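Got the model open in your viewer? Here is a short tour, stop by stop, with something to select at each one.

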Amino acid sequence: LDSFDTIEGLALRDGGGLTVLTGVSLHGGLVDAWPERSITVERVIRSLLERWRLAGLPGYAQFDNDGRFVGSTSTEDAIGLVIRACLAVRVTPVFAPPHESGFQAAIESFNGLWQAKVWNRYHDLPLDELRERSSRYVLASRLRRAPRADAAPARRWFEAEAVDLDAPPTGRLVYLRRTSDRGSATVLGHHFQVERHWPHRLVRAEVDLDFGRIRFFALRRRASSDQPLLREVTYSPPARWVR
């Protein structure tokens, strides 16, 4: 699993803003950082594909619920371009539950390290020089973590030369969500009744686009390996997806 996040609210010496897209692998601690004046959806996709061409493909890519990652949040059945890019190379996107701590711990820890080791020391530099310092730090960090990376599970080879973002999305998406007081959860803008005896609890909603179904599994942090199926519902993908 690769986790991705952004560091925002940084101001450069020339008065412009700075946003940093960051990434880290669960196994091996393979880190990346891309400082830019702004991070667009296109920049996210380009960075992810660049990383995966060099390091290989993970099984999963985890994000928070930022609109650049998840797509439109104001309508039903929205699958954004970042999701499409993941599905096109058979990487399962995973979205952490909103306002929950712990699920993004690894990437948030790296965000803190990047700010301490790069930003706090070199924030007065021009953007090009800051990028160079960031690249040096990322390389040094990867070298320090090399034994962990060597012991990590093998990643899949990235074979595609081009990724078709207009192709109908196929595969699976995973949304980690907390149920309401009545045991319902919201996935892709739809409200689903999951289990009335599972209120205010975490669930893993697995959207299977190929078989047209959503399966809800119970999540228990104290027994993370025990995830019983709570409910399976039919989900009919729309004729035209919203981005």
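Start by selecting Pro 153, which sits in the loop between α6 and β6; helices (H or I, at least four residues) and strands (E, at least two) are DSSP runs, numbered from the N terminus. Pro 153 counts as exposed, at 53% relative accessibility. The classes used on this tour are buried for under 20% relative accessible area, exposed for over 50%, and partly exposed in between (1.4 Å probe, protein chains only). Now add Ser 38 and draw a distance: the two C-alpha atoms are separated by 33 Å, with the two positions 115 residues apart along the chain.

A word on what you are looking at: this is a predicted model, in which local features need pLDDT of at least 70 and side-chain atom pairs count only at pLDDT 80 or more, while totals for chains, interfaces and linings use all residues. Residues are numbered from 1 along each chain as its sequence is written, and side-chain values use heavy atoms, with hydrogens and water left out.

Stay in that loop between α6 (146–151) and β6, and move to Val 163. Which residues are in contact with Val 163, leaving aside its neighbours within four places in sequence? They are Leu 49, Ala 85, Ala 88, Val 89 and Phe 158, where contact means heavy atoms within 4.5 Å. Take Ala 85 from that set: Val 163 and Ala 85 are 78 residues apart in sequence, yet 6.8 Å apart in space, C-alpha to C-alpha.

Ala 88 is your next pick, and it belongs to helix α3. It counts as partly exposed, at 41% relative accessibility. Not counting residues up to four places away in sequence, Ala 88 touches Val 163 and Asp 164. For a longer line, join Ala 88 to Val 187: 99 residues apart in sequence and 21 Å apart in space, C-alpha to C-alpha.

Colour the whole of α3 now. Seven of its eight residues are buried, so this helix is largely enclosed by the rest of the structure. The buried ones are Leu 81, Val 82, Ile 83, Arg 84, Ala 85, Cys 86 and Leu 87. Switch on the surroundings and you'll find that the cover over them includes α1, β4, α2, β5 (92–95) and β6. Following α3 comes Arg 90, with a positive phi near 60°.

While you have backbone angles up, try two other spots. Most residues other than glycine have a negative phi. Asp 77, in the loop between α2 and α3, has a positive phi near 55°. His 200 also has a positive phi near 55°, and its place is the loop between β8 (190–193) and β9. Buried or partly exposed: which is Asp 77, and which is His 200? Asp 77 is buried, at 12% relative accessible area, whereas His 200 is partly exposed, at 48%.

Next, show the side chains of the largest nonpolar core, which has 43 residues. A nonpolar core here is a set of buried Ala, Val, Leu, Ile, Met, Phe, Trp, Tyr and Cys residues joined through side-chain atoms within 4.5 Å. Those with the most contacts inside this core are Trp 52, Phe 63, Tyr 175, Val 187, Val 207, Ile 214 and Phe 216. Two or more residues come from each of α1 (41–55), β4 (60–63), α2 (67–70), α3 (81–88), β6 (172–178), β7 (184–187), β9 (202–208) and β10 (213–218). The helix you just coloured, α3, gives the most, with six residues.

Centre on Tyr 175: leaving aside its neighbours within four places in sequence, it is in contact with Val 70, Ile 83, Phe 95, Val 187, Leu 188, Val 203, Arg 204, Ala 205 and Val 207. Then hop to a second, separate core of 17 residues, which includes Ile 7, Leu 18, Val 118 and Tyr 137.

Finally, zoom out. The protein chain has six helices and 11 strands. Its radius of gyration, taken over C-alpha atoms, is 19 Å, close to the 18 Å that the globule rule (2.2 Å times the number of residues to the power 0.38) gives for 243 residues, so the chain is as compact as a globular protein of that length. Along its principal axes the C-alpha trace spans about 55 × 40 × 40 Å. Buried residues make up 47% of the 243 residues.
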